[in-house]
Amino acid sequence: KSSYVSADGAVYFGGGELNSTEQHMSGNNSGKLSPANQYVCWTSFEVKPGDAFDISVNYFSPDGQGNIALSGNTGNPYYKSSNMVVLDYGNGWKKINLKTIIPANYSEKQIKFGLFYSGAKTCYFDDLSIVLSKR
């Protein structure tokens, strides 16, 4: 499996080969990241200035280094990431969130999205939610 697919089948996310049954918040699997495989669920979205993202995901990581990221393409300085915990389930799993609005000076038609791990151990991501509100 080389990709994940959104529930409505409209969006394909890269990294399906990193699927794991070792840890999961819901269902039977999650995306497993390590220093050798730092990115999962990468894709691009068509955007314009004023569009708003509300992204959340559950993650399990002993060193707390799971992140949500949005970035412009090469040459565009826009970059936004977050590992802000909004809910600690008390079992090692935490929910992180990124809320942002595409700035007025963003000139590209797409923005890159991904989940990444910057730690030295392992990290599992599960239950990704992306709400993109078009302006």
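In this predicted model, Asp127 is partly exposed, with a relative accessible area of 32%; that value places the residue between the 20% limit for buried and the 50% limit for exposed. Asp127 belongs to strand β12, which covers residues 123-133. Its backbone also deserves a look: phi is positive, at about 60°, although Asp127 is not a glycine. As a reminder, most residues other than glycine have a negative phi.

Cys41 offers a second case of this kind, with a positive phi near 60° in a residue other than glycine. Cys41 sits in strand β5, made up of residues 39-46. Here the relative accessibility is 11%, so Cys41 counts as buried, the cut-off being under 20%.

Ser20 brings the description to strand β3, a run of residues 19-20. With a relative accessible area of 8%, Ser20 is buried. Which residues are in contact with Ser20, once neighbours within four places in sequence are left aside? They are Asn28, Asn29, Ser30, Lys32 and Tyr124. One of these partners, Tyr124, falls within the residue range 123-133 of strand β12, the strand in which Asp127 is also found.

Turning to the surface, a nonpolar patch of about 340 Å² is formed by Met84, Val86, Leu87 and Tyr89. Among them, Leu87 is part of strand β9, which spans residues 84-88. Leu87 has a relative accessibility of 38% and therefore counts as partly exposed; residues with over 30% relative accessible area can be patch members.

Notes
Residues numbered from 1 in each chain as written. Predicted model: local features only at pLDDT ≥ 70, side-chain atom pairs only at ≥ 80, totals over all residues. Heavy atoms only, no water. Helix = DSSP H or I, 4+ residues; strand = E, 2+ residues; numbered from the N terminus. Buried < 20%, exposed > 50% of the residue type's maximum accessible area, 1.4 Å probe, protein only. Contact = heavy atoms within 4.5 Å. Patch = residues over 30% accessible without salt bridge, like charges linked within 9 Å, V, L, I, M, F, W, Y side chains within 5 Å. Areas by Shrake-Rupley, 256 points an atom, 1.4 Å probe, with all protein chains shown as cover. Salt bridge = Lys/Arg side-chain N within 4 Å of Asp/Glu carboxyl O.
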